[in-house]
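User: I want to go through this model and ask what stands behind each label. Please set the values against the cut-offs.

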Amino acid sequence: MPIADHKKCTGCRICEIICSIQHHKEMNPKLAMVRINSNWPWEDKVTICRQCKKPKCVEACEYDAIERVNGYLRIDEDKCTACLECVKACPFDGVVVSEITQKPILCDTCKGEYLCVKWCPAKVFSKT
Amino acid sequence: MSNNKYFGYAGKILTVDLSSSDYVVEDTPFDLIVNFMGGKGFGAKILYDELKPGCEPLSEDNIMVVATGPLTGTLMPASGHVTLSTKSPLTGIWLDSHCAGFLGPELKMAGYDAIIIKGKAKKPTVLVIKDDGVSFEDGRDLWGKFTFESQELLRKKYGENCQFMCIGPAGERKARFANIVSGGRGFGRGGSGAVMGSKNLKAVVVKGTRGIGIYDLDGFMRMCTEAYNELTVSPDTGGGRPKYGTNSIYSFMIEAGAHPVKNFQTGVFEAVKECNEDVLDKKYYKRHIACFSCPINCSKASRVDDGKYKGKFTEGPEYENMWSLGAQCGNSNIGSIIYGEHLCDEYGLDAISTGNVIGFTMECFEKGILSEKQIGFPVKFGNDEAIIKFIEMMAKGEGVGELMSQGVRQMSKELGKGTEKFAMHVKGMEIPAYDPRGAFGMGLAYATSDRGACHLRAWTLGAEILDVRNRIDPFATEFKAELVKSQQDFYAVIQSAVVCLFLNFGLTQRQITRCLQSLTGIKEWKTTEDILKIGERIYNLTRLFSMREGISAKDDTLPQRLLREPTKEGPTKGVVVDLDTMLKEYYLIRHWDREGRPTKEKLTELGLDKYK
C-alpha cells in the first residue's frame, strides 16, 4: 500500500494526470483518485487511500457505501450521500473528495499496478 | 467530460468586455487552430486582426489574449505554460509573455483555449471564470494589496485549487514593466501588468473540471513515456537543472564572460566565490517545486536563515534574477536577491527590467549624472540596501522611482548626457542576463527578437557555450543567422503548443511533431516542416504587427556599449559584437528586405497574403 512522503513531493501532479488517463481515457486531474494540495511555497500534501486492512472509513459509513471488491475498497456512488464521515474518520487523511461530484474517491490501485507510483518523478511513494 | 470536436483543445474561446461586463463564448475556429496552433499564434492572429493600429497600450482599446495550446495541461512534460499577448506599454510593440505553473491547464479545464479581454472596467474588478460561467465581481477591497495576499484572499473566497492572474500595486499604478503574478510564477516581461491595471482588472480567477481528449491514446502515451525518459537521462534536464534550477548555467556563463556585470561594464564578477549555484543549493534552497506535469522541477523554494534578510523567502531565485538583482548591480548578497525577488513578485514588477534599471541608475550615480540629492541616498554598485529601496520606490512611484519605472529607454531619454550609450535595452525592453560580447548569437537574438531584448525567442548559448562537443565559436558571425532564425521559428511553435521551452532541451523537433500528431490527429500537421512553417508564419506576423506600430530595420540594433565599447578584462577582453554581418545574413535567410520587411513572396508562401 502506498505511503506518501510529502517532503519529496514537487507538486507536479503527474500522478493526477496519469490516474485520469488510466481510468477515464482523458487528461483531467479533477477526476483523479489521488490529490495534491498545494501549500505554496512549502510542502505539498498528497492524499491517497492506503487500502487499510481494518478501514476506519468503512466503520464510519452509515450507508454501507464502502465495500471490498476483489480485495480492494471501493465506494458505491449510488449509496454514498456525500456526508463525508469517511473523510473525517480516516486517520491518514487519505480520502480524496471529488470537486465534480463532491463525493469521496478511494484509490483503486490500478489492480495493484499503481501507475501514479510508477510515474512519480520525485519518488514520493513507498509501499508497505 | 471532454465535450468538443477537437482532440487536445478545449474547443471554446471566451471574449470578455470589461466596459459592458459582457461576455461571449464561441467555438475555436478550425482554421485558426490549423494555421496558428494556439498560444502565441492565436495572440498574433487575433491582435493583428482586431487591434487598432497605433492604439495607446494603456487605453481601453488595448486587448489582452490569454491563450493555451494543444499540449497545455496534458501528460506531456512541462505543459503548465500559458501565453499572454498584447501591445506592450514598455516597448509600444508586440508583446507575448509566458507564465509557468498551473494557470494554463486550469484555463483549459474551465473549457477555454483562450480568453480575450477587452475594454476597461469602471471600478476595480475581479473576473471569475468557472466551468459554468463568467462573472464580474467587485475588486475594490483587493486594490492596493500585494499579490500574495490578494491570491490568498481569493483562494479563501473561491476555494482551493483555483488558479489566478493577479497584479500588485505596481500594475495598479501602471508601472511600464509591471508583471502579472500567478501563484509563485508570473507573466514577467513587457508590462502586461500595467495593461491589466489600465483595465481596472485586479485579478482573474480560473477554476474548471473539464478534461482533454486524446486522438491516439497509445501513440500519445508512447510519446510521453519517451519524453520523460529523454528528459530524465539528459545531463541538463535530468541533472543540473533539477538540482540547481535555472542557475545550473550560472558558473558556465561567468566563466565564459557572458554574465554581464555592473550594467555590462565588464564580464568579470569577482564575488562569484560567495555567490553561485552551489552556495544557493547548500544554503538557501529548501525544496524543489515543479510546474504542472513537469519532472524537471527547476523551481526552488528558498529561504534566508541568517543575516539581515533572515526569514525572507521566494520561489526562486531564477538565474535571470540572480543576475539582475545580483551581478548587474554589483551585488553578491544572496539574501538581498531573495528578498528583492520576493518584493518584485509582491509589488508585481518584472525583476529582469527592475534590476537592469537599477544597474543603469547606479552607473548614472557613479558617473555623476544623477546626484545623491536627486536620488536621496548614495547608490554605488554593490549597495544591496539601495536595491531593496529602489524596488519599493519604483513600485510606488516615489521620487526617482517614478522615472525608473518607465524603463531604461525613457529614463535615458530624460537624463540625456550620453546615457543612451549604456541604456541597455533593445526596442525599449531591458536586456536580460547574457552579454552578447561573450556569445555573438545572443546579440542577433536580442536585435531581432519580436518583443525587444529577450532571451526566449532564440537562446544560442547552448550551441555557443554549453555544448562541449559541438560548440560553435561564440565570437564568430558564421552560422549565427541560421541558428537564430531556426530557433525563433521553433520556439514560436513551442510557445504556441503551449509548453515550456525546456522541453526543447530533451526532445527533438521530430518528436514534438509526433506528440502533436498523436494528441490532436490534425491531418495538416504531417511533417516537422509543416510544424515549423506555423512557427515561421507566427514570427513573420508578429514582425508585421510591430512594423505597423512603427519599427523598422533601424530598430534591429543593440546599445552602443555592445557595439563599440570593448570590455577591458576577462574572457571577452577587447570584444565588440559584429551585428551588421549577422543581421544582413539574417534578413537574407528570412527573406526580409533591407527595411526588415517580409517580402511579398515570403508572405505568400506563409499564407499571409492578406497582410501584404
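User: How many residue pairs in polar contact does the rule find across the interface of chain A and chain B?

Analyst: The rule finds 12 such pairs, both residues at pLDDT 80 or more. A polar contact is a pair of N or O atoms within 3.5 Å; within protein, one must be able to donate a hydrogen and the other to accept it, and residues adjacent in sequence count only if both atoms are side-chain atoms. On the side of chain A that touches chain B, α1 (14–24), β2 (26–27), β3 (35–39) and β4 (42–47) each supply at least two residues. Helices (H or I, at least four residues) and strands (E, at least two) are DSSP runs, numbered from the N terminus.

This is a predicted model: local features need pLDDT of at least 70, side-chain atom pairs count only at pLDDT 80 or more, and totals for chains, interfaces and linings use all residues. Residues are numbered from 1 along each chain as its sequence is written, chains are lettered from A and ligands numbered from 1 in the order in which they are written, and side-chain values use heavy atoms, with hydrogens and water left out.

User: What area is buried between chain A and chain B?

Analyst: It is about 2,800 Å², and carbon and sulfur atoms give 66% of that. Buried area is the accessible area (1.4 Å probe) that two parts lose on being put together, summed over both. In chain A, A:Met27, A:Trp40 and A:Trp42 lose the most area to chain B, together 26% of what that side buries. The contact (heavy atoms within 4.5 Å) takes 29 residues from chain A and 42 from chain B.

User: What makes B:Glu106 and A:Lys30 a salt bridge?

Analyst: A salt bridge needs a side-chain nitrogen of Lys or Arg within 4 Å of a carboxyl oxygen of Asp or Glu. The closest N and O atoms of B:Glu106 and A:Lys30 are 2.5 Å apart, so the pair meets the rule. Across the interface of chain A and chain B, 3 salt bridges are found.

User: How do you know that the salt bridge of A:Glu99 and B:Lys207 joins two chains?

Analyst: The N to O distance is 3.9 Å, which is inside the cut-off. A:Glu99 lies in the loop between β7 (96–97) and β8 (104–105) of chain A, while B:Lys207 is in strand β12 (residues 201–207) of chain B, so the pair joins the chains.

User: Why is A:Glu16 called buried or exposed?

Analyst: Buried means under 20% relative accessible area, exposed over 50%, and partly exposed in between (1.4 Å probe, protein chains only). A:Glu16, at 1%, is therefore buried. This residue is in helix α1 of chain A.

User: What charge lies over the face of B:Phe422?

Analyst: B:Lys367 does, at 4.9 Å from the ring centre. The rule asks for NZ of Lys or CZ of Arg within 6 Å of the ring centre and within 35 degrees of the ring normal. B:Lys367 also forms a salt bridge with B:Glu363, with the closest N and O atoms 2.5 Å apart. B:Lys367 is at 45% relative accessibility, so it is partly exposed, whereas B:Glu363, at 1%, is buried.

User: What makes B:Phe146 and B:Tyr347 an edge-to-face pair?

Analyst: Rings of Phe, Tyr and Trp (its six-membered ring) pair if their centres lie within 6.5 Å; planes under 30 degrees apart count as stacked, over 60 as edge-to-face and the rest as tilted. The whole structure holds 24 aromatic pairs over all chains. For B:Phe146 and B:Tyr347 the centres are 4.9 Å apart and the planes differ by 85°, hence edge-to-face. B:Phe146 is in the loop between β8 (133–138) and α4 (147–158) of chain B and B:Tyr347 in helix α12 (residues 334–347) of chain B, 201 residues apart. B:Tyr586 and B:Trp592 are also edge-to-face, at 5.6 Å and 85°.

User: How do you know that helix α18 of chain B is largely enclosed?

Analyst: The helix spans residues 440–448, and 9 of its 9 residues are buried, so the rest of the structure largely encloses it. Its buried residues pack against β17 (425–426), α19 (461–466), α20 (480–494), α22 (528–548) and α24 (579–590) of chain B.

User: What does the salt bridge between B:Lys485 and B:Glu536 tie together?

Analyst: The closest N and O atoms of B:Lys485 and B:Glu536 are 3.6 Å apart. B:Lys485 is in helix α20 and B:Glu536 in helix α22 of chain B, so the pair ties together parts 51 residues apart in sequence. B:Lys485 and B:Glu536 belong to a network of salt bridges that also includes B:Asp489, B:Lys533, B:Arg590, B:Lys602 and B:Glu605.
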